[in-house]
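Student: I should like to work through this structure by question and answer. Could the local backbone features be taken up before the strands and the salt bridges?

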Amino acid sequence: MKTQHLPWKEFSRYLEVPEQGLNFLKEAKELASEKGFFLYLAGGPVRDALLKRASRDLDLVLEGNWEVLLPELLAKTKGELLFKSQFLTYKLRLPQGFTIDLVTARRETYTGVASLPIVEPADHKADILRRDFTINALIYGLTLPFEEEVVDLVSGLKDLSEGKICPLHRDSFIEDPTRAFRGVRYKVRLSFNYAGDFYLALERAKEVEAFEKLSPPRLAQELKLFFSKEPLENLFKLIEDSDALNLFELSLLKKRALKSSDIDILGLAIKELKPKDREKFFLLFLIELEEKSLARLGFFPPEREKILKVYKIFTKEYLENLDILERVEAFEKLPSYVLLRLALEENLRHTIMEFWNTLRHIKPHLSGHDLKALGVEEGKKVGLILREIRRRKLKGEIKTLKEEKELVKALLFRDF
Ligand code: CTP
């Protein structure tokens, strides 16, 4: 075991955490000291402080029982307990909205390939040894016996200085294949390289088909992090590097060939879709639209069927043969994440973008209510006239409110 002294003042320079978060750490540290518990930060914040990179996450771990500290800690910091998990982790919210995760030092025992581990409270050594990579297995003590010390059990400091991504043991990816994707993220984010053991761990995971056994929700969750946790400019590299390791194929996903123009549509999705739809778009962005890949990413049968059906029907010829209003209505019926995904197909891109950027905003000024006031009798006819107004507006034949009203008068006595 190696330890390295690092004054709190220096360590905390890289914590981009609001004042209330730092204050929380101070209170937690005092209470843990009083009770004789070892409290430490682990993973991301330690790695990043040593690399002199800013870190916003606090992975705060206690070798001891949080339940003993929580009542006083919550009272002192005016925090609110939001959630307690079966894995002895707690989520708190501080008064100004900052949320913090509390973790209990734990051992993880894996019983099958790519299955979730059995978790039990343990000492800091077991908690270090359960982790993915040596660079993520460094801890920084806030209380005795390692106050203001970096504790290194697994040559994390050496790998950090050499820029190496090294799993803690060669069965690491058998236990948790998502770690291979995590490794790609750290490689790209930090411009590091894989250690030899990374490739060995990958080979062993391949031998037991660990990636195939990863459940759809876990695979999807991990891939979403390419978009949500990493800078957008790294995205293509993340996908390319995963592909270079064959990770998509091993996970039974058919990766889509990327084009530089995809980034524009991705930008639209980020800007304009609701969070849940955005996540689904991200997943669809990665793959070819085919049954197996959709199922692997957790899309349920009715959703898969719907996506595959429109993908099959919506050829360029089919859409061009539709009347402009029918086309707009067909697009409007689709969930926006499906529509933007279809826009990534070269032959559909122009038609869908024309709809997305312009046509979908073209609607009648007049409402059904206005039509009744203009003498249209209540019922089916109102809807039909409104559609006709929209059709002519889409075609550019009419523009103004006056022209709409004139059209209504002309259509008033027409049979539909
Ligand atoms: N971890 C792990 N295996 C996983 C996920 C997480 O061993 N599949 C451990 C790692 O030690 C990691 C810590 O849990 O450092 C916290 O996970 P996470 O918050 O995802 O990563 P960070 O280290 O905080 O890194 P970052 O958020 O910067 O990617």
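Student: Is Ala114 buried or exposed?
Tutor: In this predicted model, Ala114 is found in the loop between S7 and S8. Its relative accessibility is 8%. The cut-off for the buried class is under 20% relative accessible area, so Ala114 counts as buried.

Student: What is the phi of Ala114?
Tutor: Most residues other than glycine have a negative phi. Ala114 is not a glycine, yet its phi is positive, at about 55°.

Student: Which loop holds Glu148, and what is the phi of Glu148?
Tutor: Glu148 is found in the loop between S9 and S10. With a relative accessible area of 25%, Glu148 is partly exposed. Glu148 is not a glycine either, and its phi is positive, at about 60°.

Student: Where does Pro145 lie, and what is the omega of the peptide bond from Leu144 to Pro145?
Tutor: Pro145 lies in the loop between strand S9 (139–141) and strand S10 (149–152). Most peptide bonds are trans. The bond from Leu144 to Pro145 is cis, with omega near 10°.

Student: In which sense do S2 and S3 pair, and which residue of S3 is the bridge partner of Phe38?
Tutor: Strand S2 covers residues 38–42 and strand S3 covers residues 59–63. The two pair in the antiparallel sense over four bridges. Within S3, the bridge partner of Phe38 is Glu63.

Student: In which sense do S3 and S6 pair, and which residue in S6 stands opposite Leu60?
Tutor: S3 also pairs with strand S6 (residues 99–104). This pairing is in the parallel sense and runs over four bridges. Opposite Leu60, in S6, stands Leu102.

Student: How many salt bridges does the structure hold, and how many residues apart in sequence are the parts tied together by Arg107 and Glu120?
Tutor: The structure holds 48 salt bridges. In one of them, Arg107 pairs with Glu120, with the closest N and O atoms 3.9 Å apart. Arg107 lies in strand S7 (residues 106–109) and Glu120 in strand S8 (residues 118–121), so the parts that this pair ties together are separated in sequence by 13 residues.

Student: Are Arg107 and Glu120 buried or exposed?
Tutor: Arg107 has a relative accessibility of 37%, and Glu120 has 35%. The buried class lies under 20% and the exposed class over 50%. Arg107 therefore counts as partly exposed, and Glu120 likewise counts as partly exposed.

Student: What distance separates the closest N and O atoms of Arg204 and Asp171, and how many residues apart are the two?
Tutor: The salt bridge between Arg204 and Asp171 has its closest N and O atoms 2.9 Å apart. The pair links distant parts of the chain, with Arg204 in helix H9 (residues 196–207) and Asp171 in the loop between strand S11 (164–165) and helix H7 (172–175). Arg204 is partly exposed at 37%, as is Asp171 at 30%. In sequence, the two are apart by 33 residues.

Student: Why are Lys276 and Glu279 separated by about one helical turn, and which accessibility class does each have?
Tutor: Lys276 and Glu279 form a salt bridge whose closest N and O atoms are 3.8 Å apart. Both belong to helix H15 (residues 275–286), and because they are three residues apart in that helix, about one helical turn separates them. At 63% relative accessibility Lys276 counts as exposed, whereas Glu279, at 29%, counts as partly exposed.

Student: Which residues are joined into one network by salt bridges that share partners?
Tutor: Salt bridges that share partners build one network. Its members are Asp59, Arg106, Glu108, Asp127, Arg130 and Arg131.

Student: Where does Asp176 lie, and with which side chain does Asp176 make a polar contact?
Tutor: Asp176 lies in the loop between H7 and helix H8 (178–190) and is buried, with a relative accessible area of 11%. Leaving aside neighbours within four places in sequence, Asp176 is in contact with Tyr110 and Arg218. The polar contact, at 3.1 Å, joins the side chain of Asp176 to that of Arg218.

Student: Which residues make the nonpolar surface patch, and what is its area?
Tutor: One member, Ile263, is found in helix H14 (residues 262–272) and counts as partly exposed at 32% relative accessibility. The patch is made by Leu232, Ile263 and Ile270, and its area is about 200 Å².

Definitions and conventions: Residues numbered from 1 in each chain as written. Predicted model: local features only at pLDDT ≥ 70, side-chain atom pairs only at ≥ 80, totals over all residues. Heavy atoms only, no water. Patch = residues over 30% accessible without salt bridge, like charges linked within 9 Å, V, L, I, M, F, W, Y side chains within 5 Å. Areas by Shrake-Rupley, 256 points an atom, 1.4 Å probe, with all protein chains shown as cover. Salt bridge = Lys/Arg side-chain N within 4 Å of Asp/Glu carboxyl O. Buried < 20%, exposed > 50% of the residue type's maximum accessible area, 1.4 Å probe, protein only. Pairing = 2+ DSSP bridges. Polar contact = N/O pair within 3.5 Å; in protein donor to acceptor, adjacent residues only side chain to side chain. Contact = heavy atoms within 4.5 Å.
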